[in-house]
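Biologist: I would like to go through this model piece by piece. Please show it, and then I will ask about it.

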Amino acid sequence: MSKILIVDDEIQIRSLLVRMLELEGYEVCQAGDCKAAVKQLEVQSPDVVLCDVFLPDGNGVDLVLNIKKQAPNVEVILLTAHGNIPDGVQAIKNGAFDYITKGDDNNKIIPLISRAAEKARMNVRLEKLEKKVGQMYSFDSILGESKVLKEAISLAQKVSVTDVPVLLTGETGTGKEVFAQAIHYNSKRSKQNFVAVNCSSFSKELLESEMFGHKAGSFTGALKDKKGLFEEAHNGTIFLDEIGEMAFELQAKLLRILETGEYIKIGDTKPTRVNVRIIAATNRNLQEEIKEGCFREDLFYRLSVFQVHLPALRERAGDISILAAAFAKSFSEKLSYSISEMTPAFLEALEKQSWKGNIRELRNVIERSLIVCEGGRLDICDLPLEIQNTHYECSDDSAEGFELAAMERRHIARVLEYTKGNKTETARLLKIGLTTLYRKIEEYKI
């Protein structure tokens, strides 16, 4: 149950309010002046303060400011014997939940405290959620110890405290959106919206409408005004993924926003102003795109005020085991499945991969391996066949690679891959019995 602090210099009124609130199940503490109220605030940590306006050592309206500074989540209701509009307005400006008159509004006190207590609880939940989000999207949450990754993180941390546009470059799946979120949540805009849009997911016409919005009647099907994503991101950050895919005509509109903070919606005649930080990302070489006439040179230089290149996973092979362990832990919690270890052969096979899909591909492989894994131990036989085959092919220059058993294992694995795991068809093609195939699968841990 919520805790209420009553602040009033009249003992009879305090006693009456204490009895009323205790009958409603609230825990109640009390103070007779501003000084005592501040002390009780520290000791008791109330959810709601019910405070008289006129106190012996100060004014309740001014006390609201001190309370909100000391405990922002606490809600304050002011009581006064003689209400006046200027005091009421100032109280609300200072952060009071409400301002009511004694006597006339007695019936409102209990419902009002109930609403204030609910809002105080919501404030606490919101604060916890913001802390959790901040931790989730902090630079510390980006896993890896490789030098190239640490350099990218260091650059991103330095630019996050500024307000300049950022261009993130790197292959698909290297974590560009994760970096964009970390930059946003470590900036002064962190409490505002972070809006992400993939420029390759929409046609030119639809992307223009999604990004900039439109007026009703501006085209067939535009039945009402639509806010664009730039408006949604006002005072926050917009992340433009795959910027190299943006239609040439739209690039001019984006350039205008970067230069003036204005754009014109589809079907509108007057400009819309926004204050937005732009983070863009691409897996293309934009300078090559400029040479081919597919990307505006002036836009490139505006977007790339600060560039951060994200390394491919093959450039940071030492981080693969760290990422694999984190993904395995995350998926095992979701699947309620305990993983005791990842074998050296399993990790070695992962480290030998080229990972064209980078972190995203590794994540998918770990999830798939966890689903087929038995006994809580991730081994090479739990990996997709193409990774198993690559692993054994890479070992061909060793003495083991020339062994008949190793060759037989690879051949069976390839036929299984060809038949998409159909063991009956595999046995027919190999011209062996089904029981023999099962025995060899078990023996070779395929």
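**Strands, helices and cysteines**

Biologist: With how many bridges do strand S8 and strand S13 pair?
Modeller: Bear in mind that the model is predicted. Strand S8 covers residues 166-169 and strand S13 covers residues 277-282. One position of this pairing is Leu168, whose bridge partner in S13 is Ala281. The two strands pair in the parallel sense, and the number of bridges is four.

Biologist: Which residue in S13 does Phe239 stand opposite?
Modeller: Strand S10, residues 237-241, is joined to S13 by four bridges, and the two run parallel. Phe239 stands opposite a residue of S13, and that residue is Ile279.

Biologist: What is the strand order of the open sheet that holds S9 and S14, and which strands stand at its edges?
Modeller: The sheet has five strands with parallel pairing, in the order S9-S10-S13-S8-S14. S9 (194-198) and S14 (306-309) each have a single partner strand, so one side of each is left without a neighbour in the sheet. Neighbouring strands here are turned by 20 degrees against each other on average, direction ignored. The edge strands are S9 and S14.

Biologist: Which strands does helix H6 lie across, and at what angle does it run to S14?
Modeller: Helix H6 is made of residues 147-160. It lies across S8, S13 and S14, and its angle to S14 is about 150 degrees.

Biologist: How many of the residues of S13 are buried?
Modeller: Both faces of S13 are covered. Arg277, Ile279 and Ala281 lie on one side, Ile278, Ala280 and Thr282 on the other, and all are buried. In a regular strand the side chains alternate between the two faces of the sheet. For S13 the count of buried residues is six of six.

Biologist: Which residues of strand S3 point the way opposite to Val48, Leu50 and Asp52?
Modeller: Strand S3, residues 48-52, is mostly covered, with five of its five residues buried. Val48, Leu50 and Asp52 point one way. The residues that point the other way, also buried, are Val49 and Cys51.

Biologist: What are the bridge partners of Leu50 in S1 and S6?
Modeller: S3 pairs with strand S1 (residues 3-7) in the parallel sense over four bridges. Five bridges join S3 to strand S6 (residues 75-80), also parallel. On the S1 side Leu50 is the partner of Ile6, and in S6 its partner is Ile77.

Biologist: Which strands stand at the edges of the sheet with the order S2-S1-S3-S6-S7?
Modeller: This is an open sheet of five strands with parallel pairing. S2 (27-31) and S7 (98-101) each have a single partner strand, so one side of each lacks a neighbour in the sheet. The twist averages 20 degrees from one strand to the next. The edges are S2 and S7.

Biologist: Which strands of that sheet do helix H1 and helix H3 touch?
Modeller: Helix H1 (residues 11-23) packs on the sheet, with its direction at about 165 degrees to that of S2. Helix H3 (residues 60-70) also packs on it, at about 170 degrees to the direction of S6. H1 touches S1, S2, S3 and S6, while H3 touches S3 and S6.

Biologist: How many disulfides are there in the whole structure?
Modeller: A disulfide requires cysteine sulfur atoms within 2.5 Å. From Cys34 the nearest cysteine sulfur, that of Cys51, is 6.5 Å away. From Cys199 the nearest, that of Cys294, is 15 Å away. A search of the whole structure gives a count of zero.

Biologist: Is Cys199 buried or exposed?
Modeller: The cut-off for buried is under 20% relative accessible area. Cys199 has a relative accessible area of 2%, so Cys199 is buried.

Biologist: What is the relative accessibility of His184?
Modeller: His184 is in helix H7, residues 176-185. Leaving out residues up to four places away in sequence, His184 touches Arg189, Ser190, Gln192, Asn193, Phe194, Gly236 and Thr237. His184 counts as buried, at a relative accessibility of 0%.

Biologist: At what angle do helix H13 and helix H14 pack?
Modeller: Ile320, Ser321 and Ala324 in H13 meet Leu347, Leu350 and Glu351 in H14. These contact residues divide into four nonpolar, one polar and one charged. H13 passes H14 in a right-handed crossing. The axes are 10 Å apart, and the angle is about 120 degrees.

How values were computed:
Residues numbered from 1 in each chain as written. Predicted model: local features only at pLDDT ≥ 70, side-chain atom pairs only at ≥ 80, totals over all residues. Heavy atoms only, no water. Pairing = 2+ DSSP bridges. Axes fitted to C-alpha atoms, helices over the stretch in contact; angles between N-to-C directions. Contact = heavy atoms within 4.5 Å. Buried < 20%, exposed > 50% of the residue type's maximum accessible area, 1.4 Å probe, protein only. Left-handed = near helix turned anticlockwise from the far one by under 90°. Nonpolar A, V, L, I, M, F, W, Y, C, P; charged D, E, K, R; others polar.
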